[in-house]
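Here's a quick look at charge pairing between side chains. Have the structure open as you read.

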Amino acid sequence: MDAQTVELMSKCEGVTGLAKPFCEGGTVMYFIALIGFAALMLILERALSLKKMSVNKDALSESLFGMILRGDIQQAIAYCDGKPAPMTNTLKAGLVQVLNRRPDEEVQVAMDASVLRETPKIEGWTAFLAVFGNLSVLVGLLGTIIGLITSFSGVGQADAATKAALLSQGISEALNCTAFGLLVAIVSIFGYAIFQTLIGRAITEMTESTMNLMNVVVSNREKIEAKR
């Protein structure tokens, strides 16, 4: 057995567990790992951010609308300031217009504009999870091609023992890159799907709350003005 064959066989010798297929996957595995790390960090950041921005819509409506019906618009604004979140910021934008005695149309426009401002905060960089998913598949495919090239590039001039080692190494590199790339893609796309659902729900609840606030203001405008 020649030196090249020994080198190929000993490359990942002594490596066990999950590190072994990573080692056998070659250099491309590091690029896939980098994409996977970025995806996991984004998933963690989005999970923490959405949790921080979440508000109990029913409890908020009960407290806030009660203050509005009592004519305590300033207290309602202060209540929103005490619970900073996209939903409370949006409702506050409408309440400020109510406090300034602006027409109903301006109250609605202020809340609609706030929804547009707050939506990017809710979405964050979530779209990049889909990018990471597609990118990991492509990089994994690149690793597969590199592995196959490695398998067959030197086979023509190699002896039987070296030829077997080259084929084994190249095929192992190709399959491991494919598997790792798909694994990162699955995690990224699954996370993207979950966050898209949560984001859509949050935006819907925010829009619904603006409509409920508008209904309360319109139907109780005279009562609100009389208590101020």
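## Salt bridges in the model

Let's start with Arg102 and Glu106: these two make a salt bridge, and their closest N and O atoms sit 2.8 Å apart. Keep in mind that this is a predicted model. Neither partner is hidden away: Arg102 counts as partly exposed at 35% relative accessible area, and Glu106 is also partly exposed, at 32%.

Moving on from that pair, some salt bridges share partners, and these tie Lys57, Asp58 and Glu208 together in one network. Within it, Lys57 and Glu208 meet through their side chains at 3.7 Å, N to O. That pair connects distant parts of the chain: Lys57 belongs to helix 4 (residues 57–69) and Glu208 to helix 9 (residues 160–219), with the two positions 151 residues apart.

Is Lys57 buried or exposed? Lys57 has 15% relative accessibility, so this residue counts as buried, the cut-off being under 20%. Its partner Glu208 is partly exposed, with a relative accessible area of 36%.

Then there's Asp72, which forms a salt bridge with Arg70. Both ends are partly exposed: Asp72 has 27% relative accessibility, and Arg70 has 46%.

Here are the three pairs side by side:

| Pair | Closest N to O |
|---|---|
| Arg102 and Glu106 | 2.8 Å |
| Asp72 and Arg70 | 3.5 Å |
| Lys57 and Glu208 | 3.7 Å |

How many salt bridges are there in total? The count comes to 7, including the one between Arg102 and Glu106. As a general point, oppositely charged side chains can pair when their charged atoms come close.

Key:
Residues numbered from 1 in each chain as written. Predicted model: local features only at pLDDT ≥ 70, side-chain atom pairs only at ≥ 80, totals over all residues. Heavy atoms only, no water. Salt bridge = Lys/Arg side-chain N within 4 Å of Asp/Glu carboxyl O. Helix = DSSP H or I, 4+ residues; strand = E, 2+ residues; numbered from the N terminus. Buried < 20%, exposed > 50% of the residue type's maximum accessible area, 1.4 Å probe, protein only.
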